[in-house]
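These are my notes from a session spent on two places in one structure. I took a single side chain to begin with and turned to a sheet afterwards.

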Amino acid sequence: MGQSPSISLPSSLPSLALHVLRTAENSPSYDALEPFFDYLVGLDSSSVESQQSLDTEALSKILADNEGGKVVLKVYNAKSQRIRDVALSPSRDWAEGLKAPSLGLSLRVCNPAHALESVYHVLDVLEGSPAEMAGLVPWGDFVLAWSGGPLHSENDFYQLVEAHVDKPLRLFVYNSDLDNLREVILYPTRQWGGEGLIGCGIGYGLLHRIPRPSTPPQTIFAEEDYFNVTTPKTTT
C-alpha cells in the first residue's frame, strides 16, 4: 500500500490543498488513497525537490520528473484528522493511451479545514421508501457527494433530490459502522406511497458530522513540510 503509520494533526492546516475525489482502478493511487476523505497537503522533501508552491500543474511536473521512481505525499485524512506519508510511483503503464505519468487521481482545490462540513446524515428510513429500496442505512450512513461532485450547503442536497424526481441519482455514501464508502443509486419519486421524495430523515450540521475514530496520535507533523496550492484545477 505504500503507507506509513498515521501521525497527529498539526495546529493548523494549509488554507488550500488538493482534495482526492476519485482514484482510477488499477492506478498507483487506487488502494493507497481514500476518495473524499484524503487531501494532499505536502511532499516529503527527501523524495522530491522542495517546492515553494504546488498546484496541479506543478504536481504534474513532479510526476513527470519522477516517472518510474517514488513520490512521497503528505496526506491529511479528514475522517481520522491525521496526516500520513503515502509513497506512490508515477506511471503511464497502468492505463492505455496515457501521454504522461499519472497517479490516477481526480482532484479539486479546496480548504481542508472545512472538510466534511457538508455531509448529510441518514436518519429514520421509512418502510417501502426510495431510501430503503436504495439500501440506505438509518443512523449509520452519511451522504458525501453525488456523481457530479461534492455538495456545499444544507440546501444543496434537497435541491439535488428535487432535480432528480423520477430519475436515478447516484450518490457516494459512507457508513460509519462498517467504515466503508459505496455508491448508491436513489430514485426520488412522489409515487412511492409515503411522505417526501425519498422517505427518510436527513440531518445536517455539527451534531450530524461523521464520528472520528478513536486512534491515539503518534508523532507531530512538521508544519514546514506543507506546500501551498495556488491554482484551482482538476487533474487525473
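I count as a polar contact a pair of N or O atoms within 3.5 Å, where, within protein, one must be able to donate a hydrogen and the other to accept it. I keep in mind throughout that this is a predicted model.

Entry one, threonine 189. I looked up its place and found threonine 189 in the loop between strand 10 (180-186) and strand 11 (200-203). I then asked whether threonine 189 is buried or exposed; at 15% relative accessibility it counts as buried, because buried means under 20% relative accessible area. For its side chain I noted a polar contact of 2.9 Å with the side chain of aspartate 166, and I also noted that the side chain of threonine 189 reaches the backbone nitrogen of glutamine 191 at 3.1 Å. When I left aside the neighbours within four places in sequence, I found threonine 189 in contact with Pro130, Asp166, Gly196 and Leu197.

Entry two, the sheet. Here I traced an open sheet of five strands, which has the order 4-3-2-1-5 and antiparallel pairing. Strand 4 (82-88) and strand 5 (105-110) stand at the edges, and each has a single partner strand, so one side of each is left without a neighbour in the sheet. From one strand to the next, I recorded a twist that averages 40 degrees.

Entry three, one pairing within that sheet. I followed strand 2 (residues 38-43) and strand 3 (residues 71-77), which pair in the antiparallel sense over five bridges. Which residue in strand 3 is the bridge partner of glycine 42? I found lysine 74 there.

Technical notes:
Residues are numbered from 1 along each chain as its sequence is written. This is a predicted model: local features need pLDDT of at least 70, side-chain atom pairs count only at pLDDT 80 or more; totals for chains, interfaces and linings use all residues. Side-chain values use heavy atoms; hydrogens and water are left out. Helices (H or I, at least four residues) and strands (E, at least two) are DSSP runs, numbered from the N terminus. Buried means under 20% relative accessible area, exposed over 50%, partly exposed in between (1.4 Å probe, protein chains only). Contact means heavy atoms within 4.5 Å. Two strands pair if DSSP finds at least two bridges between them. Axes are lines fitted to C-alpha atoms, for helices over the stretch in contact, and angles run from 0 to 180 degrees between N-to-C directions.
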